Amino acid sequence: MTGRLWQPKRVLLTRSARDWAHGIAIAERAAGLGIAVDELPTDRLALGFPDDDRRAYAAAKQTLAVVVAPPSKLRLQPIAPSADWRVDLAQGCPAHCSYCYLAGSLKGPPITRAYANLPEIIAELPRHLGEGTITSRSSARAHEGTTFEASCYTDPLALEHLTGSLSAMIGWFGAWQVPTQLRFTTKFDAVEPLLGLEHGGRTRMRASINPALYARYEGGTSPVAARLAGLAKMGHAGYPIGLTIAPIIAAEGWELAYATLIAQAAEALATVPGLDLTIELITHRYTPGSKAVLESWYPGSKLEMGAANRAEKRTKFGSVKHVYDAATMRTLRGFFEAEIAARLPTARILYWT
Ligand code: SF4
C-alpha cells in the first residue's frame, strides 16, 4: 500500500511569486493536476474564518501557497544535532500528526508555503561550505562534509509532486563536487521523481518511522511499510539512507511495537547493496506552547502529554521542554541500542535525544 499524493483544494500564487520561474512552474504543475490556482493581487495570505479556529485549520491544511521566502528565511541557521545548517524549501506540511513539532514553531493557521525563489535559496549555500559547527565538528560525522538539513520546517517529499523543489536541490548537490551533504527526512513514500537523479551520493534520505500502534497519531502520512519500501528504492538507486525513529513514544506496549518496527526495517532494507544506513533516535517532547496548539488542532487525540514519566528541561534560550524522565530515557535508550545492534548491525546511530 502506498500513500496518496497530496491534492490541495487551492493553490495561492502571490504577486511576488509570479516574478520567479519556479513559482510559475509550481502553479502550472498544480493546474495540470486539476487544482484551482488563485493569482493573488498582493503577497497577503488570507483564508477567512478569523473567528473559527477549526475551520481555519482545515482550510489551511488544504491550501498550498506559493510565496517568496523573505530575506530572514534565506539566512541559514545551525540545526543541532542533525546538520550544520538548515535550508528551507517550504514551510508547513499537509499531514495531521498529533505530535507535530511544527506546532510550536509556526504562527497562525498552518498553510503550507512553497518557496518560489529557489535560486536565491541555493545561492546562499556555497558561502556556508566548510563553515559548519555541528556535524563538521564531530569526529564521527566530519567525513559527511558540510551538512544541510531540508526537513526542519516541512516534509519536502510530501510536496515534491507539486513543487519539484527537492529534485532541483538534489540535482544541484549532485553537481556540486565538494564535501557536502543534503539531508531530508520524510513520512511519505513518493520517491519516484528522485530515483533517476544524478545525486552524486550527496543526498541522504531518511524515512521517519513509528510503529503501526501509533498510526492514529500520523493522519495523512504514507503507511510505514510504504515509507520503508520508498527508502529501500532510494538505497537501490545509490543514495545513502537512514531511519529517523521519531517521536519515540513510551506508551503501553512500546517494546514489542518498536522491536517489530526495527525488524520490519531490517527486512525492507535487507537487499540494498552496500547499505549505508544511519539512525536518528528522537524521543517525544513538547513545549507548553506546542501542547496548547496541538490540543486545539487535535482535541480528540489520545496522545499522552501529561506529567507522568516526564521531566522539565530548560533550553539554552530559557524556554521549557517536557521530555521523558531520566529513568524512562535510560530504559528506552538501552532497548534501542540493543535492538539496532541485533537487527541492523551495520547501521550507525547518529544521535539519541
Ligand atoms: Fe508534522 Fe512531519 Fe507529520 Fe508533517 S509529517 S504533520 S511535518 S510530523
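In the predicted model, strand β9 (residues 146-149) is covered on both faces. Thr-146 and Phe-148 on one side are buried, as are Thr-147 and Glu-149 on the other. This division follows the general pattern in which the side chains of a regular strand alternate between the two faces of the sheet. On one flank, β9 is joined to strand β5 (residues 83-86) by 2 bridges, and the two strands run parallel; in this pairing Arg-86 stands opposite Glu-149. β9 also pairs with strand β10 (residues 180-186), again in the parallel sense, over 4 bridges. Here Thr-146 of β9 is placed opposite Thr-180 of β10.

These strands belong to an open sheet of 8 strands with mixed pairing, in the order β4-β5-β9-β10-β11-β13-β14-β17. The edges are formed by β4 (77-79) and β17 (348-352); each has a single partner strand, so one side of each is left without a neighbour in the sheet. From one strand to the next, the twist averages 30°. Further along the order, strand β11 (residues 203-209) and strand β13 (residues 241-248) run parallel and are joined by 5 bridges, with Arg-206 opposite Gly-242 of β13.

Two helices lie across this part of the sheet. Helix α9 lies across β11, β13 and β14 (277-283), and its direction is at about 165° to β13. Helix α11 (residues 326-343) lies across β13, β14 and β17, running at about 170° to β17.

The largest nonpolar core comprises 97 residues, and those with the most contacts inside it are Leu-243, Ile-245, Tyr-258 and Phe-336. The greatest contribution to this core comes from helix α9 (residues 254-269), which supplies 8 residues. A second core, separate from this one, has 7 residues, including Ala-103, Tyr-286, Tyr-298 and Met-305. In the largest core, Phe-336 is one of the residues with the most contacts. With residues up to four places away in sequence left out, Phe-336 touches Ile-245, Ile-248, Tyr-258, Ile-262, Leu-281 and Trp-352.

Helix α5 (residues 156-163) is largely enclosed by the rest of the structure, because 8 of its 8 residues are buried. The buried residues are Pro-156, Leu-157, Ala-158, Leu-159, Glu-160, His-161, Leu-162 and Thr-163. Just after this helix, Gly-164 adopts a positive phi of about 70°.

His-322 is located in strand β16 (residues 320-324). With a relative accessible area of 18%, His-322 is buried, since the cut-off for burial is under 20%. Apart from neighbours within four places in sequence, the contacts of His-322 are His-284, Arg-285, Tyr-286, Pro-288, Arg-310, Ala-311 and Glu-312. Among these contacts, Tyr-286 is also a member of the second nonpolar core. The C-alpha atoms of His-322 and Pro-247 are separated by 13 Å, the two residues being 75 residues apart along the chain.

The residues around the ligand are Cys-93, Ala-95, Cys-97, Cys-100, Tyr-101, Leu-102 and Lys-187. By class, this shell divides into 6 nonpolar residues and 1 charged residue, with no polar residues.

Terms used: Residues numbered from 1 in each chain as written. Predicted model: local features only at pLDDT ≥ 70, side-chain atom pairs only at ≥ 80, totals over all residues. Heavy atoms only, no water. Near = heavy atom within 4 Å. Nonpolar A, V, L, I, M, F, W, Y, C, P; charged D, E, K, R; others polar. Core = buried A, V, L, I, M, F, W, Y, C linked by side-chain atoms within 4.5 Å. Buried < 20%, exposed > 50% of the residue type's maximum accessible area, 1.4 Å probe, protein only. Contact = heavy atoms within 4.5 Å. Pairing = 2+ DSSP bridges. Axes fitted to C-alpha atoms, helices over the stretch in contact; angles between N-to-C directions.
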